[in-house]
Structure formats: C-alpha cells, structure tokens
Amino acid sequence: MRRSTLTHAFAAVALVLGGLGVATATVTATAPAAHADECYSWPRTLASGASGSDVTELQVRVAGWVPRGQVMAVDGSYGAQTTAAVTNFQKAYGLTADGVAGPATFSTIYALQDPDCSPAHFSYAEASENCGKGFTGTAANRENMKRALWRAEALRHQLGDHPLRVTSGFRDAACNASVGGASNSVHLSGGALDLVPGDGATSICSIAKQARSAGFGGIFGPGYPAHDDHAHVDIRTTITWDADVCAGW
Ligand SMILES: [Zn+2]
C-alpha cells in the first residue's frame with residue numbers, strides 16, 4: 001500500500017514536470033502510436049493493485065513472461081504474477097524493469113501488435129489451417145488462439161527471434177479426429193499450437209524446453225507419443241509437460 005502510494009506520487013510529479021516542458025509535449029505528440037489504434041490502446045498506466053479490462057488486455061500480451069512453471073491468471077487483477085510478467089517483458093525488451101506498465105511498455109507492445117490484435121510474428125491464418133477448412137470456430141476459440149499466439153511471440157523472442165512455424169492450431173472435431181488428436185485436445189478450443197523451427201537455428205527440443213518459461217501449461221514434444229516431429233504447446237491452466245527424450249529436459 002505504502003509503495004503503491006509512493007509510485008503514484010512520483011508519477012504525479014513526473015506529469016507536472018512534463019507539462020511544463022514544451023519539448024516534452026512535442027515528443028509526446030509525435031510518439032509513434034504504431035498499431036495502437038487499430039487494435040487496442042491502453043488508457044492509463046497500470047501497476048500492482050489495478051483492475052479492469054485494460055489489465056486483462058495487458059495480461060494476455062505478457063502471459064508468455066510469467067516465471068517458469070506458472071500460467072498467467074488472465075483475470076483483470078494486477079497482482080504479483082502480472083508484476084513479475086511485466087518486469088520480465090521489460091527486461092527482455094530493454095526497458096526500465098519496474099513492473100509498472102506505462103507508456104514505454106505499451107509502445108513496445110504496440111510495435112508487436114498487428115491491427116487484428118495478433119502478435120507481429122504470428123497470424124490467425126497460420127493457426128487456422130484446420131485440415132484445409134480455415135477457421136470455423138467461435139469468438140471464444142479465436143480469443144484462445146490470440147492468447148496462445150502471444151505466448152508464442154514471447155517464446156520466439158526468448159529463442160533469439162528466430163522464426164517459428166505453426167503446423168496446426170485450431171481444429172474442429174472432424175479435423176482433430178482425422179489427424180489423430182486426443183478427443184479432449186486443446187486444439188479444439190483454439191488454445192493449442194504445434195510448433196516447428198522456421199530456420200536452422202532452433203530445434204523441436206529447444207522449443208519444447210524454452211516453452212516451460214513462456215507461460216504454457218501444456219507442452220508435449222519428443223519422447224511423448226506422436227510428438228517427435230513438433231512441439232505442442234497450449235494454454236491449459238495446469239502444468240502438464242512431457243518431452244523427456246530432449247537433453248536437459
Ligand atoms: Zn498439438
């Protein structure tokens with residue numbers, strides 16, 4: 001509580017000082033909004049104790065930066081887990097790592113955000129092959145896909161920004177059955193991705209191993225039946241990981 005009050009006091013001082021400087025105002029006016037307006041723009045700085053739909057939108061985008069072994073509770077409540085995820089995101093992108101989501105953090109997210117709210121290096125289309133039928137799911141399925149893709153964006157950055165390719169994402173029941181998916185597969189909800197390296201710099205095992213630090217609850221890779229040729233990652237809220245032939249697993 002005390003810490004929160006102090007933070008707000010400093011923010012207020014910064015705002016007052018900023019308002020006095022013409023140069024600062026100019027910078028603010030010309031700051032790149034990137035893709036902010038097409039998808040989502042945050043109306044305020046967010047910190048521990050905040051709650052609301054803007055916190056939810058933030059949690060979706062930093063869910064791949066929770067500490068290893070955790071799955072982000074996308075609940076609109078900015079607590080210790082969101083603070084840790086924002087701090088890790090800030091460190092990864094060279095920002096001041098204070099766990100408070102302000103203009104610099106949002107600018108970085110805007111630069112990673114496409115107009116349709118998918119992350120920059122992945123698309124809904126590539127996660128909707130669905131046995132050639134394209135996306136046939138619900139809005140909830142698409143939201144799950146968005147949440148999985150933002151974690152994949154974090155994973156990609158953690159792996160050194162090398163491309164990752166999605167070989168399967170959302171699948172309807174018929175498609176899922178035809179490819180031998182489990183009857184309760186997370187692919188049916190849109191929240192699962194099968195990933196393979198997009199170049200020679202990564203391996204399926206390195207993807208599966210790093211996914212443990214990218215907010216994925218489900219991870220299945222080499223050693224798990226039928227998963228030697230891809231790393232399956234999904235947004236289930238419990239931890240179920242198996243890629244046990246990978247060195248260092
Ligand atoms: Zn899969």
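## Predicted model: fold overview and two helices

The secondary structure of the protein amounts to 8 helices and 5 strands. The model is predicted. Read from the N terminus, the elements follow the order α-α-α-α-α-α-β-α-β-α-β-β-β. The protein has 249 residues, and buried residues account for 35% of them. Of the contacts between residues at least 6 apart in sequence, 60% join residues at least 24 apart.

### Confidence

The average pLDDT of the protein is 89, and 85% of the residues score at least 70. Residues 1–36 keep a pLDDT under 50 throughout. For this stretch, the model has 19 contacts beyond four places in sequence. Where pLDDT is low, the predicted coordinates should not be read in detail.

### Helix 4 and helix 6

The table sets out the lengths and spans of these two helices.

| Helix | Residues | Length | First to last C-alpha | Expected at 1.5 Å a residue |
|---|---|---|---|---|
| Helix 4 | 80–92 | 13 residues | 18 Å | 18 Å |
| Helix 6 | 139–158 | 20 residues | 29 Å | 28 Å |

For helix 4, the span is close to the expected value; that of helix 6 is also close to its expected value.

The buried residues of helix 4 are Thr82, Ala85, Val86, Asn88, Phe89 and Gln90. These buried residues pack against two helices, namely helix 3 (53–62) and helix 5 (103–112). Just after helix 4 comes Gly94, with a positive phi of about 75°.

In helix 6, 14 of the 20 residues are buried, so this helix is largely enclosed by the rest of the structure. Gly160 follows helix 6 and has a positive phi, near 95°.

### The loop between helix 4 and helix 5

Val100 is placed in the loop between helix 4 and helix 5. Is Val100 buried or exposed? Val100 has 20 other C-beta atoms within 10 Å. The cut-off for a buried residue is 20 or more such atoms, so Val100 counts as buried. Val100 also lies 7.4 Å from Thr45, C-alpha to C-alpha, although 55 residues separate Val100 and Thr45 in sequence.

### Summary

Helix 4 packs through its buried residues against helix 3 and helix 5, and the loop between helix 4 and helix 5 holds Val100, a buried residue. Helix 6 is largely enclosed by the rest of the structure. Residues 1–36, with pLDDT under 50, stand apart from this description as a stretch of low confidence.

Terms used. Residues are numbered from 1 along each chain as its sequence is written. This is a predicted model: local features need pLDDT of at least 70, side-chain atom pairs count only at pLDDT 80 or more; totals for chains, interfaces and linings use all residues. Helices (H or I, at least four residues) and strands (E, at least two) are DSSP runs, numbered from the N terminus. A residue is buried if 20 or more other C-beta atoms lie within 10 Å of its own, exposed if 12 or fewer, and partly exposed in between; C-beta atoms are placed from the backbone. Two residues are in contact if their C-beta atoms, placed from the backbone, lie within 7 Å. pLDDT is the predictor's confidence in each residue, from 0 to 100. The expected span of a helix is 1.5 Å times one less than its number of residues.
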